[in-house]
Amino acid sequence: MRTGARTIVWSAALTALLGAVVVVSAAIGPVSLDYANVAKATVNTLAVPASAGLSVSSVSLPLLPVSVPVPGFDVGYVHPFSLAVPETDQRIVGKLRLPRIALAGAVGFALASAGTVMQGFFRNPMADPSIIGVSSGAAVGAVAALALPGVVPIGPRWAAFAGALATAFLVYAIATEDGRTPVATLLLAGVAVQTLLGAVVSYLLVLSGDQLREAMYWLMGNLHASTWSDVEFALPVAVLGFAALSAFAQDLNVLLLGEEDATHLGVEVERTKRLLLALSSLITAAAVAVAGVIGFVGLVVPHMMRLLVGPDHRILLPTSALAGASFLVTADTLARSGPAEVPVGIVTAAIGAPFFLFLLRRREVSAL
């Protein structure tokens, strides 16, 4: 079967799986719902952008009695479907469960996409989206916003997003010399910066006081109290970033041969590396900003799909993204279905670590 046909078949199957996982997840909770009503309520929740406009909000500067106007973007939506569903079911699904499920799908989609690219970029099966310190930078920003709200007044989400991107830029700047960014140097710089930022997070936790519990929940990965605003923040970045990364799928295949061979085959290696790093860091930053640090999604899911579809990134990238969405929705459903809700990062680690060890024992994890 041709690559394009295989991509379509696998993507269609995984999209159907994701739809089924969403419906099952939305039916599970303190109040169990009928699957048919859940499916119809989910369709009713689908929205189409109808209007857009700029808005301005004010942010106070730390230690100064002044505020700065910050532009924003408001989008208006219309709901094209109105299937007959009991009002209570529609409210539970549309207002309470679907925002969390949609955010889990968006975050899983983003992390699996970035993990696939990072493993191909570094030609290292141990690479994941946080390998250059993006998650550590986000952690510093979020915990600083919680522990020192008078100094960091922009809120954990935006502080985490800014910290993640700033860290990615810092690591890239450290590793780049004379216009070249050796992969080994980039990897070592990422490890060093992660270690330093880990110490900064530990110090901020000491200062966090009453916010310690909230900060710890963020660090463990948490989708509790997710809103449609969180989805509007993460989903567009994940989808647009994925679309841009997909344009480099063939270049990623060539980079697996080595940078020298890739150059001979016509790939602008340094430019491609910069763009791949920037895009992967962007979608990882958006995911971590709204969900906290969630491990193993970007590490295990690409491995799992590579065993099924092979190493061709034209197939591997979309299938990993869709599988990552289903994986995190499933993990979050388990996280909120027990006697006491636990952070989803605990569940992904509990599932991902044994699975990864299983792959190691079967010798399925090897150089790319």
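Lys273 and Glu270 bring their side chains together in a salt bridge, with N and O 3.3 Å apart. Lys273 and Glu270 sit three residues apart in helix H11, so about one helical turn separates them. Keep in mind that this is a predicted model. In total, the structure holds eight salt bridges, and here is a quick look at some of them.

**Around Lys273**

- Lys273 also pairs up with Glu259: their side chains form a salt bridge at 3.0 Å, N to O.
- That second pair links distant parts of the chain, with Glu259 in helix H10 (residues 259-264) and Lys273 in helix H11 (residues 269-291), 14 residues apart.
- Is Lys273 buried or exposed? Lys273 has a relative accessible area of just 3%, so it counts as buried.
- Glu270 has a relative accessible area of 15%; because the cut-off for buried is under 20%, Glu270 is buried too.
- Which residues end up in one network through salt bridges that share partners? They are Arg180, Glu259, Glu270 and Lys273.

**The Asp230 and Arg157 pair**

- Over in another pair, Asp230 makes a salt bridge with Arg157, and their closest N and O atoms are 2.7 Å apart.
- This bridge ties together distant parts of the chain: Asp230 belongs to helix H8 (residues 228-246) and Arg157 to helix H5 (residues 156-175), with their positions 73 residues apart.
- Asp230 has 14% relative accessibility, so Asp230 counts as buried.

Key
Residues numbered from 1 in each chain as written. Predicted model: local features only at pLDDT ≥ 70, side-chain atom pairs only at ≥ 80, totals over all residues. Heavy atoms only, no water. Salt bridge = Lys/Arg side-chain N within 4 Å of Asp/Glu carboxyl O. Helix = DSSP H or I, 4+ residues; strand = E, 2+ residues; numbered from the N terminus. Buried < 20%, exposed > 50% of the residue type's maximum accessible area, 1.4 Å probe, protein only.
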